[in-house]
Amino acid sequence: MSNSIITQLSQHRSIRQFEDKPLSSRQVTELVDAAQHASTSTFSQQYSVISVTDPEMLKEIAKITWHPWMLNGGHYFVMVADQYRNLRIAQAQGVDPYILHSTDKFLASVFDTAIATENIMVAAESMGLGGTIMGSILNNPRKMIQLLKLPEMRFPLLGIVIGYPKDKPELKPRLPKASMHFENQYHLNANFDRKLADYDRLTSAYYHSRTSNDRSETFSHHIVAELSGNRNLRSDLFAVIRAQGFMTH
Ligand SMILES: Cc1cc2nc3c(=O)[nH]c(=O)nc-3n(C[C@H](O)[C@H](O)[C@H](O)COP(=O)(O)O)c2cc1C
C-alpha cells in the first residue's frame, strides 16, 4: 500500500543545483508553518529558524560550508537549537532554569531542530522545490554564532538551502533493510558481510551511473573516507556548545 506522501518521501534526493529564482515570502511562510507543526519534545518548541537574506552573510556561510553552490539557491534557513526563549520564561516566572542547561534539554532542542528541519525539506519537495540540509555550518560554529548574533542558550545546528531544482540526481540507494531494521533485539546477522558486499556493488553502480561527479566509490569506502578525514575538523564543538550554556550537567 502506498500513497502520495510515501511516494514523495521515497523519491527524496538532495538538490545542489538551482534555477535562478527566489522563493516567494508566501512559500517561506508555508515552510516555516510546516516546521512549526512538527512534533516537539515536551511541547517546548526548543528551536528557532533564521532566514538569511543578506548577500554578504550568505557569502560567509558559503565559505564556512565550502558550498559555493548554495548561493544559487532560492532561500537559506539556519535552524537554531534554542533554549533561550524558555530561559526568558523561567526568569520572568522566577523559576530556577537549572534543568534547561542539562544534556537532556540540549538533546531535546537538537531533536526538535532536526525534526523541524526535515519538515521543511518534505514540505519544500511537496511544493516542487528541493534542497540540501547542511551540517557543514558546524565547520565554524563560532563564526556562525557571531554572524547570526547568537548569545547564550542558542546554537546553530543546521543550514538548509531550498530552491527550484535545476537537476534531478539519481536516487541514492539505502542500506538493505535486513541490516538496519530488526525485531525486538539488535542482531546484525552473519549475513551482514555478504549483504554489505551486495550494497557496495549497488552503491558503486550508483556512483558510476551519476550524470555528474561520476566516481569509483562504494559505501564501505565512503565510510572509511569519512573516518580518515582531518581529526581537528569540528573538534571544538563540545567546547562551543558548553560555552553557549548548554550541557553543563
Ligand atoms: C544532518 C545532515 C547534514 C547534512 N549536511 C550536508 C552538508 O553539509 N553538505 C551537503 O552537501 N549535504 C549534506 N547533507 C545531505 C546528505 O549528504 C544527503 O542527505 C545524503 O548524502 C543522502 O543523499 P540524498 O539526500 O540525495 O538521498 C546532510 C544531511 C543531513 C541529514
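Me: Is H101 buried or exposed in this structure, and how can I tell?

Reply: Start with the relative accessible area, where buried means under 20%. In this predicted model, H101 has a relative accessible area of 18%, so it counts as buried. You will find H101 in the loop between α4 and α5.

Me: Which residues is H101 in contact with, once its neighbours within four places in sequence are left aside?

Reply: Contacts tell you what surrounds a residue in space. For H101 they are L87, M153, G245, F246, M247, T248 and H249. Take L87 as an example: H101 and L87 are 14 residues apart in sequence, and their C-alpha atoms are 9.3 Å apart in space.

Me: L87 is in α4, I think. Which residues of that helix are buried?

Reply: In α4, the buried ones are N86, L87 and A90. Looking down the axis of α4, these residues fall within an arc of 105°, so they line one face of the helix. After α4 comes G94, whose phi is positive, near 70°.

Me: What about Y84: where is it, and how accessible is it?

Reply: Y84 belongs to helix α4, which spans residues 84–92. Partly exposed is the class between under 20% and over 50%, and Y84, at 22% relative accessibility, counts as partly exposed. Leaving aside neighbours within four places in sequence, Y84 is in contact with E152, M153 and R154. Y84 and R154 are 70 residues apart in sequence, yet 6.2 Å separates them in space, C-alpha to C-alpha.

Me: You mentioned a positive phi. How should I read that in a residue that is not glycine?

Reply: Here is the general idea: most residues other than glycine have a negative phi. In this structure, W66 has a positive phi, near 60°. W66 lies in the loop between α3 and β2, and it is exposed, with a relative accessible area of 58%. Another case is K149, with a positive phi of about 55°. K149 sits in the loop between α6 and β4 and counts as exposed at 68% relative accessibility.

Me: Now a longer helix feature, please. How many residues does α7 have, and how far does it reach?

Reply: Compare the span with what is expected at 1.5 Å a residue. Helix α7, residues 192–209, has 18 residues and reaches 25 Å from its first C-alpha to its last, close to the expected 26 Å. Its buried residues are L196, Y199, D200, T203, Y206 and Y207. They cover an arc of only 125° around the axis, which puts them on the same side of α7. Those buried residues pack against α8 (219–227).

Me: Which residues have the most contacts inside the largest nonpolar core?

Reply: That core has 51 residues, and those with the most contacts inside it are I61, M70, Y76, V78, F155 and I162. To see where the core comes from, look at the elements that give it two or more residues; among them are α2 (25–36), β1 (47–52), α5 (103–126) and β4 (154–163).

Me: And how is the chain divided into domains?

Reply: The domain assignment gives domain 1 (10–169) and domain 2 (177–223). Their C-alpha centres lie 29 Å apart. Separately, an unreviewed UniProt entry carries the annotation "domain: Nitroreductase" for residues 10–164. Over residues 10–164 the chain is 41% helix and 19% strand, with the end C-alpha atoms 19 Å apart.

Definitions and conventions: Residues numbered from 1 in each chain as written. Predicted model: local features only at pLDDT ≥ 70, side-chain atom pairs only at ≥ 80, totals over all residues. Heavy atoms only, no water. Core = buried A, V, L, I, M, F, W, Y, C linked by side-chain atoms within 4.5 Å. Buried < 20%, exposed > 50% of the residue type's maximum accessible area, 1.4 Å probe, protein only. Helix = DSSP H or I, 4+ residues; strand = E, 2+ residues; numbered from the N terminus. Domains from an automatic or database assignment. Expected span 1.5 Å × (residues − 1). Arc of directions from axis to C-beta. Contact = heavy atoms within 4.5 Å. UniProt positions renumbered as here; feature names shortened; annotations may be inferred.
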